[in-house]
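Work through the following exercises with the structure in view, trying each task before reading the solution beneath it.

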Amino acid sequence: MNKVRVSQGVLAPPGPPTAAAPSRPEPGPGQGGAAAPGAAPGAGARLGWLDALRGFAALAVVFQHSGPVLLPGLYRSSHQQLDAGIFGVFLFFLISGYIVPASLERRGDLRAFWTGRVFRIYPLYLVVFALALLLPRAHAGVGPEVFQHPWLSAAADGVLLQDLLGVQNGLAVSWTLCYEMVVYFLVSALFLLRLHRRSAPVAVGFAATALLLGGVLPTAWLLRGPVRQDWLVGAVALVVVAALAAVLGGRTVALRVGVAVLGLVGLLLVTVNGRSAVFESMMILATMFTGTVVQRAESGQIGRWYAAACCGLVFLAGLASGLRYGGQSLNLVWTASAKSWCTAFAAAWLVFGLGLLFLRGRRVPRALCRLGAISYAVYLVHVPLLSVVNWIMADNHDSLEHRPVRQLLCEGVFVAVVLLLAEALHRLVELPGQRLGRRVLRWSSGQSAERPAGPVAGYEGKPNLAGQSPG
């Protein structure tokens, strides 16, 4: 496994769940969430705390990857106690779980939801991937398998399921986007079945699976069968693309079938074909659905004591499964110890809880909101940029040892360049991609032959499955 994978985390990839719903669908981990123009008064304050946490998580991931190169002394000492990458990833997942289902339920429209997801995740992802491919092969910003098996990588990375198909991540950090996609599949299927308010039992179920079956469930099971990996990857990619096309097409029957297929594919892959750290895969899903539980309690959809009990069970299951399986998992070799993993997991929950208690509803400094808005770009671009740093420092890595001032200066310059490049990508790629998605949705809604409106699912009534967003 690639050591960069520590916090390859999102989801991408990948709004404030108050009774007043957010003004637009919010992105997943690391994707900007500043209030949209025309948002309701107070939307910026409601979103600001999420942006602040998202930016903090992105910087933690940047430190996890740049620390061994630019801050080796500080990294070695801190990594023994807390894995900054795992911290950032799980904080992202809590934020994403808090945001994404609310976005779907606010619209009550699966086609609009998926159009938004596709145009929020893919434009920036593809552009950064292309830029990383421009680096010399010896210092590539992408995984070697991209060059060795280009079509296999293109199929797996193209549907963002590579981590669950045994294919090396093209962009090292994109493994978390695989779990973002699986959660989108599952959330959509639950919405279709009108079970989307059952976030608490779903979260507890995944957490219990992590604790009780974390060492039992098979891993890479589909890859050990008679089907060749390239055939399996190709088949899954075709099925997912066809299902998404059915969903985006907006025809009610095709949409239902497409969502059902996506849900089944996601559940199958994550259950029997995931990484060797089965408990971690299950805890990722449990964590994201727990974020949804918190949102439901905040919006009054479920009782707060019920939500608190669910959160407590998932949190304890996460710590227990981390201690029980963390030291045994070959996929945790990048983490200093099970203790380091558990400390990071607990810290992510603590920071999210503190943000919810003390920052929600308050105005957050504009700089922190901006950092959150560009955090998806920060998350994607920092590892390819680190490849450039390694290229430049190929013969001078020892020059930073025992020179803390120079280390801090180099880290500061690196972070500044990451932020500047992320800002440019956010303005030139991410925002135009989102605007294009909204135009595509308006055009396709106007062209759709079936446009029955319905009340927003998740609040009351039936889901609006046919493409027109209510209101």
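## Exercise 1: a patch of charge

On the surface, Arg435, Arg438, Arg439 and Arg442 gather in a patch of positive charge. The model is a predicted one, in which local features need pLDDT of at least 70 and side-chain atom pairs count only at pLDDT 80 or more, while totals for chains, interfaces and linings use all residues. Residues are numbered from 1 along each chain as its sequence is written, and side-chain values use heavy atoms, with hydrogens and water left out.

Task: State where arginine 439 lies and whether it counts as buried, partly exposed or exposed.

Solution. Begin with the rule for the patch, whose members have over 30% relative accessible area and no salt bridge, like charges being joined within 9 Å. Next, locate arginine 439 in helix α16, residues 404–447, a helix being a DSSP run (H or I) of at least four residues. Finally, arginine 439 counts as partly exposed because its relative accessibility is 45%, where buried means under 20%, exposed over 50% and partly exposed in between, with a 1.4 Å probe and protein chains only.

## Exercise 2: a bridge between helices

Task: Find the salt-bridge partner of arginine 296 and name the helices that hold the two residues.

Solution. A salt bridge requires a side-chain nitrogen of Lys or Arg within 4 Å of a carboxyl oxygen of Asp or Glu, and a search of the whole structure finds seven of them. One of these joins the side chains of arginine 296 and glutamate 105, at 2.5 Å from N to O. Because arginine 296 lies in helix α11 (residues 278–298) and glutamate 105 in helix α3 (residues 84–107), the pair ties together parts that are 191 residues apart in sequence. Arginine 296 counts as buried at 1% relative accessibility, and glutamate 105 is also buried, at 2%.

## Exercise 3: two further pairs

Task: Describe the salt bridges of aspartate 230 and glutamate 423, and state how exposed each partner is.

Solution. Aspartate 230 pairs with arginine 228, their closest N and O atoms being 2.4 Å apart; aspartate 230 is partly exposed at 34%, as is arginine 228 at 45%. Glutamate 423 pairs with arginine 370, with 2.8 Å between the closest N and O atoms. This pair links distant parts of the chain, since glutamate 423 is in helix α16 and arginine 370 in helix α14 (residues 366–373), 53 residues apart. Glutamate 423 is buried at 17%, whereas arginine 370 is partly exposed at 31%. Elsewhere, Glu298, Arg304 and Arg360 are joined into one network by salt bridges that share partners.

Definitions and conventions: Patch = residues over 30% accessible without salt bridge, like charges linked within 9 Å, V, L, I, M, F, W, Y side chains within 5 Å. Areas by Shrake-Rupley, 256 points an atom, 1.4 Å probe, with all protein chains shown as cover. Lys, Arg positive; Asp, Glu negative; His and termini not counted. Charge placed at Lys NZ, Arg CZ, Asp CG, Glu CD.
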